[in-house]
Amino acid sequence: IAPLLEPSEPMSLTVLLDPVRVLVGSGQDVIHNGAALLVDGELVALGEEARSQGATQAVPVQSAADQLLAPCLVDPHSVLEEPFCEHHENVVSLRHAAARAGYGQVALLPRANAWRDRVERLHGFSSNPNNDVRIHLWGALTLDGAGDQLSCHGELLEQGAVGFCDGDAMPAPGLLQRSLLLNEMGTAPVLVAPRDPQIQGGGMVRGG
């Protein structure tokens with residue numbers, strides 16, 4: 001569980017939020033008069049247990065009735081064209097924006113100015129303990145996402161790739177079959193765009 005709070009400054013002190021709205025998980029109702037004990041920004045107790053521990057430790061109480069404590073959101077397929085450029089959105093600004101919007105994890109598709117189809121292009125994204133948002137990387141199924149030559153799937157997985165995908169269209173069936181038969185991907189997921197330029201003609205969608 002992680003806070004989706006928007007205070008003026010990041011919360012780092014020990015505090016009892018009471019009352020605060022709490023969403024424990026999907027399929028459950030929001031608790032409108034909940035309580036949460038946070039120690040150095042980490043959630044340690046909820047509800048009456050939080051109130052009891054807070055009273056025992058004489059923790060300062062802060063009203064947060066208009067705020068929500070809930071599991072962080074996950075973005076499974078985002079795009080970052082220039083992750084290390086200073087003049088455009090980069091991995092640092094992406095983390096800040098994601099944290100403000102309540103995201104705890106973001107998975108980046110391999111499409112970028114330099115496609116993430118080689119192991120050296122997966123470096124530089126690792127999180128440190130001070131980062132609130134974890135970055136995951138999809139690896140490119142083919143070199144440069146061109147759909148012609150397979151990338152080194154096993155090596156990409158060893159460097160932390162979470163799965164494989166290509167461009168905005170489905171790879172050629174023969175190439176996709178070969179990638180599965182080689183089995184270097186193991187149990188990693190494969191993300192395939194549901195679009196085939198060969199059969200769509202001049203339209204956007206084709207049934208069947």
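1. The side chains of arginine 51 and aspartate 18 meet in a salt bridge, with N and O 2.9 Å apart. Arginine 51 belongs to helix H1 (residues 47-56) and aspartate 18 to strand S2 (residues 15-22), so this contact ties together parts that lie 33 residues apart in sequence. Aspartate 18 is partly exposed, its relative accessible area being 21%. The model under discussion is a predicted one, and the points below should be read with that in mind.

2. The count of salt bridges comes to seven, and a second one to examine joins arginine 118 to aspartate 117, where the closest N and O atoms are 2.9 Å apart. The two partners fall into separate burial classes: aspartate 117 is buried, with a relative accessible area of 2%, while arginine 118 is partly exposed at 28%. Since buried means under 20% relative accessible area and exposed means over 50%, the value of 28% for arginine 118 falls in the class in between.

3. A further salt bridge links arginine 195 with aspartate 168, and here the closest N and O atoms are 3.7 Å apart. Arginine 195 sits in the loop between strand S10 (190-191) and helix H5 (197-200), and aspartate 168 in the loop between strand S9 (161-165) and H4, so the pair ties together parts that are 27 residues apart in sequence. Arginine 195 counts as partly exposed at 32% relative accessibility, whereas aspartate 168, at 57%, counts as exposed. Elsewhere, Asp117, Arg118, Arg121 and Asp144 are joined into one network by salt bridges that share partners.

4. Turning to the sheet, five strands form an open arrangement in the order S6-S7-S8-S9-S10, and their pairing is parallel. S6 and S10 stand at the edges with a single partner strand each, so one side of each is left without a neighbour in the sheet. As background, strands of a sheet pair through backbone hydrogen bonds, in either the parallel or the antiparallel sense.

5. The pairing of S6 and S7 can be followed residue by residue. Strand S6 (residues 73-78) and strand S7 (residues 103-108) run parallel and are joined by four bridges; among the bridge partners, leucine 73 is matched with tyrosine 103 in S7, and valine 74 with glutamine 105 in S7. Together with helix H2 (residues 91-100), these two strands make a right-handed β-α-β unit.

6. Valine 91 lies in helix H2, and this residue is buried, with a relative accessible area of 7%. Its C-alpha atom is 9.9 Å from that of glutamate 81, the two residues being 10 apart in sequence.

7. The largest nonpolar core holds 18 residues, of which Leu94, Val106, Leu108, Phe125, Ile135, Leu137 and Phe164 touch the most other members. At least two residues of this core come from each of H2, S7, strand S8 (134-140) and S9, and the element that gives the most is H2, with three residues. In soluble globular proteins, nonpolar side chains tend to be buried together.

8. Nonpolar side chains are also found on the surface, where Met170, Leu180, Val190 and Val192 form a patch with about 280 Å² of accessible area together. Of these residues, leucine 180 can be placed in helix H4 (residues 173-182).

9. Antiparallel pairing appears between strand S3 (residues 31-39) and strand S4 (residues 42-46), which are held over four bridges. Leucine 38 stands opposite leucine 43 in S4. Two residues lie between the strands of this hairpin, and in it aspartate 40 takes a positive phi near 50 degrees, a detail that a colleague may wish to view directly in the structure above.

10. A last point concerns proline 71, which is found in the loop between strand S5 (61-70) and S6. At 32% relative accessibility, proline 71 counts as partly exposed. The C-alpha atoms of proline 71 and valine 24 are separated by 7.0 Å, although these residues are 47 apart along the chain.

Terms used. Residues numbered from 1 in each chain as written. Predicted model: local features only at pLDDT ≥ 70, side-chain atom pairs only at ≥ 80, totals over all residues. Heavy atoms only, no water. Patch = residues over 30% accessible without salt bridge, like charges linked within 9 Å, V, L, I, M, F, W, Y side chains within 5 Å. Areas by Shrake-Rupley, 256 points an atom, 1.4 Å probe, with all protein chains shown as cover. Salt bridge = Lys/Arg side-chain N within 4 Å of Asp/Glu carboxyl O. Pairing = 2+ DSSP bridges. Right-handed = clockwise from strand over helix to strand, strands pointing away. Buried < 20%, exposed > 50% of the residue type's maximum accessible area, 1.4 Å probe, protein only. Core = buried A, V, L, I, M, F, W, Y, C linked by side-chain atoms within 4.5 Å.
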